[in-house]
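Open your viewer and get ready to make a few selections. We will go through them one stop after another.

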Amino acid sequence: MTLGLINANPVVHAKKERIARSEDLHGDDSVDPLEIYDFVRDIRDPEHPYSLEQLSVLSEESITVDDKLGRILITFTPTIQHCSMATVIGLCLRVKLKHFFPPNYKVDIKVFPGSHANEESEQLISN
């Protein structure tokens with residue numbers, strides 16, 4: 001028995017050009033959303049040979065940082081509402097970020113509201 005792809009024909013977008021930056025953004029332990037995005041945007045989708053950026057699962061705007069409260073929020077959008085890989089995508093983000101941000105930050109990874117059929121069950125990827 002061959003398992004088929006859940007989303008056999010995803011919409012693929014062009015990659016954006018990376019912005020070269022020379023300053024040390026972590027000199028004061030602050031976290032920059034664009035720096036986080038650059039770090040995770042190349043994660044491959046578990047079902048396709050494309051990156052999360054190419055499938056518009058992540059965008060620069062999907063990452064917010066509140067330095068005062070020490071919180072990072074990453075909101076991603078699965079390619080389809082019944083995506084069975086949403087938890088895997090969240091865990092891939094978590095593992096990739098594990099050593100990236102300062103230890104005093106709390107990171108929440110959530111699916112974009114209304115983008116997944118089991119939205120409530122997918123909201124459990126926090127540290």
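Start by selecting residues 86-97, which form helix H2 in this predicted model. Put a distance between the first and last C-alpha of these 12 residues: H2 reaches 17 Å, close to the 16 Å expected at 1.5 Å a residue.

Stay on H2 and show side chains. Which residues of H2 are buried? They are Ala86, Ile89, Gly90, Leu93, Arg94 and Leu97. Now look along the helix axis: these residues lie on the same side of H2, because they cover an arc of only 140° around that axis. A reminder that helps here: an α-helix has 3.6 residues a turn, so residues three or four places apart point the same way.

Next, add residues 33-40, helix H1, to the selection. The axes of H1 and H2 come within 10 Å and cross at roughly 110°, which means that H1 is roughly perpendicular to H2. If you rotate the view to check the handedness, you should find a right-handed crossing of H1 and H2.

Where do the two helices meet? On the H1 side, pick Ile36, Phe39 and Val40; on the H2 side, pick Leu93, Lys96 and Leu97. Two of these H2 residues, Leu93 and Leu97, are also among the buried ones.

For the last stop, move to serine 62, in the loop between H1 and strand E1 (63-66). Is serine 62 buried or exposed? It counts as buried, because its relative accessibility is 11%, below the 20% cut-off. Show what surrounds serine 62: beyond its neighbours within four places in sequence, it is in contact with Leu73, Ile74 and Thr75.

Methods: Residues numbered from 1 in each chain as written. Predicted model: local features only at pLDDT ≥ 70, side-chain atom pairs only at ≥ 80, totals over all residues. Heavy atoms only, no water. Helix = DSSP H or I, 4+ residues; strand = E, 2+ residues; numbered from the N terminus. Expected span 1.5 Å × (residues − 1). Buried < 20%, exposed > 50% of the residue type's maximum accessible area, 1.4 Å probe, protein only. Arc of directions from axis to C-beta. Axes fitted to C-alpha atoms, helices over the stretch in contact; angles between N-to-C directions. Parallel < 35°, antiparallel > 145°, perpendicular 65-115°, else oblique. Left-handed = near helix turned anticlockwise from the far one by under 90°. Contact = heavy atoms within 4.5 Å.
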